[in-house]
Every structure is written in C-alpha cells, then in structure tokens.
Amino acid sequence: MHERILAWKAQLEAEKASLLQLQTTGEFTEEEEGRLLYIESMLEQVDNNQYSWWW
C-alpha cells in the first residue's frame with residue numbers, strides 16, 4: 001500500500017482504539033458511536049481495496 005494510505009490507516013486504527021476504550025467508560029455518545037462505525041467502514045474499505053491502490 002502507498003505510504004499515505006498506510007499512515008491514514010494507522011491514524012484510523014488509533015482513533016478506533018481510543019473510541020473503543022471510551023466505549024467501556026459508559027460515557028460514549030451517539031456522535032462517537034457514529035464516528036466508530038465510520039472508521040470501521042473506512043478500515044474495511046482500505047483492506048478491500050489495498051491491491052488497487054498503486055499510485
């Protein structure tokens with residue numbers, strides 16, 4: 001994968017980990033839930049398209 005995509009994926013994974021940790025505190029908002037779902041979707045798309053990104 002291209003370096004920029006790998007960096008973006010790492011950033012998404014870090015944010016996902018942070019949101020998952022926040023989820024365990026009981027102070028998880030609907031906005032944060034939406035962000036977590038979005039991040040999971042983006043990570044799935046990166047994984048599914050990793051072989052087509054050869055810039």
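Let me start with one residue, Leu 6, whose place is in helix α1, and let me say at once that what we are looking at is a predicted model. At 43% relative accessibility, Leu 6 counts as partly exposed, because that value falls between the limits for buried and exposed. What I would like you to notice about Leu 6 is its partner across the chain: Gln 50 is 44 residues away from it in sequence, and yet the two C-alpha atoms are 9.7 Å apart in space.

With that pair in mind, we can step back to the whole chain, which has two helices and zero strands. Of its 55 residues, 18% count as buried. If we take the contacts in the chain with a separation of 6 or more, 54% of them are accounted for by residues 24 or more positions apart.

Now to the helices themselves, beginning with α1. This helix has 21 residues, which at 1.5 Å a residue should span 30 Å, and its end C-alpha atoms are indeed 30 Å apart, so expectation and model agree. Which residues of α1 are buried? They are Ile 5, Lys 9, Leu 12 and Leu 19, and, seen down the axis of α1, these buried residues fall within an arc of 90°, so they line one face of the helix. It helps here to recall that an α-helix has 3.6 residues a turn, so residues three or four places apart point the same way. On the face of α1 turned away from the buried side we find the exposed residues Glu 3, Gln 11 and Gln 21. Ala 17 also lies in α1, and at 44% relative accessibility Ala 17 counts as partly exposed; its C-alpha atom is 9.3 Å from that of Leu 36, although 19 residues separate the two in sequence.

Between α1 and α2 there is a loop, and Glu 27 lies in it. With a relative accessible area of 59%, Glu 27 is exposed. Leaving aside its neighbours within four places in sequence, Glu 27 is in contact with Leu 22 and Glu 32.

That brings us to α2, whose 20 residues should span 28 Å at 1.5 Å a residue, while its end C-alpha atoms are 29 Å apart, which agrees. The buried residues of α2 are Leu 36, Ile 39, Met 42, Leu 43 and Val 46, and, viewed down the axis of α2, they fall within an arc of 130°, so here too the buried residues line one face of the helix. The face turned away from that buried side carries the exposed residues Glu 30, Glu 44 and Asn 48.

What, then, do the buried residues of α2 pack against? They pack against α1, and, looking from the other side, what covers the buried residues of α1 includes α2.

Finally, let us consider how the two helices are arranged. In general, two packed helices are described by the angle between their axes and the distance between the axes. The axes of α1, residues 3-23, and α2, residues 30-49, come within 10 Å and cross at roughly 145°, and α1 passes α2 in a left-handed crossing. Among the residues of α1 that make this contact are Ile 5, Trp 8, Leu 12, Leu 19 and Gln 23, while those of α2 include Glu 32, Arg 35, Leu 36, Ile 39, Leu 43 and Asp 47. By class, the contact has 11 nonpolar, one polar and nine charged residues.

Methods
Residues are numbered from 1 along each chain as its sequence is written. This is a predicted model: local features need pLDDT of at least 70, side-chain atom pairs count only at pLDDT 80 or more; totals for chains, interfaces and linings use all residues. Side-chain values use heavy atoms; hydrogens and water are left out. Axes are lines fitted to C-alpha atoms, for helices over the stretch in contact, and angles run from 0 to 180 degrees between N-to-C directions. Helices (H or I, at least four residues) and strands (E, at least two) are DSSP runs, numbered from the N terminus. A crossing is left-handed if the near helix is turned anticlockwise from the far one by less than a right angle, and right-handed if clockwise. Contact means heavy atoms within 4.5 Å. Ala, Val, Leu, Ile, Met, Phe, Trp, Tyr, Cys and Pro count as nonpolar, Asp, Glu, Lys and Arg as charged, and the others, Gly among them, as polar. The expected span of a helix is 1.5 Å times one less than its number of residues. Buried means under 20% relative accessible area, exposed over 50%, partly exposed in between (1.4 Å probe, protein chains only). The arc is that of the directions from the helix axis to the C-beta atoms.
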